[in-house]
Amino acid sequence: MRHLMSPLDFSVEELDRLFDLANDIEKNREKYSHACVGKKLATCFYEPSTRTRLSFESAMLSLGGEVLGFSDAASSSAAKGESVSDTIRMISCYSDICAMRHPKEGAPMVASTHSRIPVINAGDGGHQHPTQTLTDLLTIRSLKGRLSDFTIGLCGDLKFGRTVHSLINALSRYDNIKFVFVSPEELRIPEYIIDNLKEKNIPYEEVISLEEVMPKLDLLYMTRVQRERFFNEEDYVRLKDFYILNKEKMVLAKDDMLVLHPLPRVNEISVEVDDDPRAVYFKQVQYGVYVRMALILTLLEIDTTKL
Ligand code: CP
């Protein structure tokens, strides 16, 4: 039995197979529509979510399976003091696979060690968000045809943004990737990630000005400032509009640069950018369903050759 805690839990070859499967699902939805009949997905969300929880539920329903779960810790027995390890023991009796989001780093990992069913980390605190990374990689691979040879800018809250941390981890395994980290001083990328890049001799630079680096980017990954991880409101208000991607800045970018965003967006991409063909963040959401369908099939070890 396998769990998914980090994008590195899958080898590059396994990810390729997962993305091939996701692309096949995209083209042949009907073929997969009964693949999970009789199977149940539990979504245990101790933190707010729109995309991740609903895309997991949509994915399982599209595979013919069923879903159950909670979307708020306050409506679960966590509010009475139940531990994550006890909760997953219950969930293992009710379902076949579980997607868990938790505000504490490592909570889904703790759950996985007490679980009889595959557990998927659907975001743990400021740590990792592997299924968002699978979504990001599938989007890039589907729209660009490759996952190597890119200069990628990551812009915004690089300190608390778990999607950024997971994506850097994952892209570090592909050839000729250059990272450009664009953030205010207070929201710089954590030192442990920089140390990891240095160890692997992966090129990176840290800058404050987005305009300065726009012309050299092949991909721009925008992120919101993570209000929920700030210790005081004053700092959040000071930093929340530090970057706003607008039409003027897009003029500086390459004609084939892609703009990605894990969403939700707050104010960091002006709505006027949405109509630019380089803005692919809503397409990214659709890829998120396909890749979660592929992930559920893979972790449940469904033989897709027989479909
Ligand atoms: N991208 C993402 O994780 O969105 P949600 O918080 O809405 O799930």
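## A buried arginine

A residue counts as buried when its relative accessible area is under 20%. Arg278 has a relative accessible area of 13%, so this arginine is buried. Keep in mind that we're looking at a predicted model.

Where does Arg278 sit? You'll find Arg278 in the loop between β9 and α11, the helix that spans residues 281-299. Leaving out residues up to four places away in sequence, Arg278 touches Met250, Ala253, Lys254, Asp255, Asp256, Met257, Leu258 and Val259. With one of these, Ala253, there is also a polar contact: the Arg278 side chain reaches the backbone oxygen of Ala253 at 3.5 Å.

## The five-stranded sheet

Strand β9 takes us to a sheet. Strands of a sheet pair through backbone hydrogen bonds, and they can do this in a parallel or an antiparallel way. Here, five strands line up as β7-β6-β5-β8-β9 in an open sheet, and the pairing is parallel. The edges belong to β7 (204-207) and β9 (258-260); each has a single partner strand, so one side of each has no neighbour in the sheet. Going from one strand to the next, the twist averages 20 degrees.

Helix α5 (residues 130-144) packs on this sheet, where it touches β5 (150-155), β8 (219-222) and β9. The direction of α5 makes about 165 degrees with that of β9. Over at β7, four bridges join this strand to β6 (residues 177-182), with the two running parallel. Look for Phe181, which stands opposite Glu206 in β7. Helix α7 (residues 191-199) lies across β6 and β7, and runs at about 145 degrees to β7.

## The four-stranded sheet

There's another open sheet to find, this one with four strands in the order β2-β1-β3-β4, again with parallel pairing. Why do β2 and β4 each have one side without a neighbour in the sheet? Because β2 (66-70) and β4 (119-124) stand at the edges, each with a single partner strand. On average, neighbouring strands in this sheet are turned by 15 degrees against each other, direction ignored.

Now zoom in on β1 (residues 40-45) and β3 (residues 97-102): they pair in the parallel sense over five bridges. Leu41 has Ile97 in β3 as its bridge partner. Helix α3 (residues 84-94) lies across β1, β2, β3 and β4, at about 150 degrees to β3.

## Around the ligand

Which residues surround the ligand? They are Ser49, Thr50, Arg51, Thr52, Arg101, His129, Gln132, Pro262 and Leu263.

Some of these make polar contacts. Arg101 has a polar side-chain atom 2.9 Å from an oxygen atom of the ligand. Gln132 also uses a polar side-chain atom, which lies 3.0 Å from a ligand nitrogen atom. With Pro262 the contact goes through the backbone: a polar backbone atom lies 2.9 Å from a nitrogen atom of the ligand.

## Cysteines without bonds

How many disulfides are there? The count is zero. Take Cys36: the nearest cysteine sulfur belongs to Cys98 and is 15 Å away. Cys36 has 0% relative accessibility, so it counts as buried.

Why does Cys93 have no bond to another cysteine? The closest cysteine sulfur, in Cys44, is 13 Å from the sulfur of Cys93, and that is too far for a bond; a disulfide needs the two sulfur atoms within 2.5 Å. Is Cys93 buried or exposed? At 56% relative accessibility, Cys93 counts as exposed.

Key: Residues are numbered from 1 along each chain as its sequence is written. This is a predicted model: local features need pLDDT of at least 70, side-chain atom pairs count only at pLDDT 80 or more; totals for chains, interfaces and linings use all residues. Side-chain values use heavy atoms; hydrogens and water are left out. Two strands pair if DSSP finds at least two bridges between them. Axes are lines fitted to C-alpha atoms, for helices over the stretch in contact, and angles run from 0 to 180 degrees between N-to-C directions. Contact means heavy atoms within 4.5 Å. Buried means under 20% relative accessible area, exposed over 50%, partly exposed in between (1.4 Å probe, protein chains only). A residue is near a molecule or strand if one of its heavy atoms lies within 4 Å of it. A polar contact is a pair of N or O atoms within 3.5 Å; within protein, one must be able to donate a hydrogen and the other to accept it, and residues adjacent in sequence count only if both atoms are side-chain atoms.
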